[in-house]
Amino acid sequence: MLWMYNFDGKVLQVVFSNHNKIAACSADGGINIFDAKTGVVDKRLEEHEHGVWSVAFSPNGKSLASGSADCSVLIWDCIPGTSLGCVG
């Protein structure tokens, strides 16, 4: 299976969850969460002020941590796609 999605900035990291989701972060400051089977974007997470360098799913796939060039680490609830707050 091959599917493509065009970002506004460079893609910096892609990670898979154990629950058929893919998170891709980019230099445009956003995170897209995809359905791994269809390639459809489920959520677009935007709260960082600069590029997002890294993302990691929690073991249950319901939360996501993201680290940005704006020196922030955010924790996200993946179900509604909302930020739970900044770490640190």
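Visitor: In this predicted model, what is the N to O distance at which the side chains of Asp28 and Arg44 meet in a salt bridge?
Guide: Asp28 lies in the loop between strand 2 and strand 3, while Arg44 belongs to strand 4, so the pair ties together parts that are 16 residues apart in sequence. Asp28 counts as partly exposed at 29% relative accessibility, and Arg44 is likewise partly exposed, with a relative accessible area of 31%. Their side chains meet in a salt bridge whose N to O distance is 3.0 Å.

Visitor: Which residues are joined into one network by salt bridges that share partners?
Guide: Besides its bridge to Asp28, the side chain of Arg44 meets that of Glu46 in a salt bridge of 3.1 Å, N to O. Glu46 is exposed, with a relative accessible area of 56%. Through shared partners, these salt bridges form one network that consists of Asp28, Arg44 and Glu46.

Visitor: How many residues apart are Asp42 and Lys21, whose side chains also meet in a salt bridge?
Guide: This pair has an N to O distance of 2.3 Å, and a search of the whole structure finds three salt bridges. Asp42 is partly exposed with a relative accessible area of 34%, and Lys21 counts as partly exposed at 25%. Asp42 is in strand 4 (residues 41-46) and Lys21 in strand 2, so that the salt bridge links distant parts of the chain, 21 residues apart.

Visitor: Which strand gives the most residues to the largest nonpolar core?
Guide: This core has 13 residues, and those touching the most other members include Ile31, Val55, Phe57 and Trp76. Two or more residues come from each of strand 2 (21-26), strand 3 (30-35), strand 5 and strand 7 (73-77). The element that gives the most, with three residues, is strand 5.

Visitor: Which residue in strand 6 is the bridge partner of Phe57?
Guide: Strand 5 and strand 6 (residues 63-68) run antiparallel and are joined by five bridges. Phe57 is among the residues that touch the most other members of the largest nonpolar core. In strand 6, its bridge partner is Leu64.

Visitor: Which strands stand at the edges of the open sheet formed by four strands?
Guide: The four strands follow the order 5-6-7-8 with antiparallel pairing, and the twist averages 25° from one strand to the next. An edge strand here has a single partner strand, so one of its sides is left without a neighbour in the sheet; the strands in that position are strand 5 (52-57) and strand 8 (82-87).

Note on methods
Residues are numbered from 1 along each chain as its sequence is written. This is a predicted model: local features need pLDDT of at least 70, side-chain atom pairs count only at pLDDT 80 or more; totals for chains, interfaces and linings use all residues. Side-chain values use heavy atoms; hydrogens and water are left out. Two strands pair if DSSP finds at least two bridges between them. Axes are lines fitted to C-alpha atoms, for helices over the stretch in contact, and angles run from 0 to 180 degrees between N-to-C directions. A nonpolar core is a set of buried Ala, Val, Leu, Ile, Met, Phe, Trp, Tyr and Cys residues joined through side-chain atoms within 4.5 Å. Buried means under 20% relative accessible area, exposed over 50%, partly exposed in between (1.4 Å probe, protein chains only). A salt bridge is a side-chain nitrogen of Lys or Arg within 4 Å of a carboxyl oxygen of Asp or Glu.
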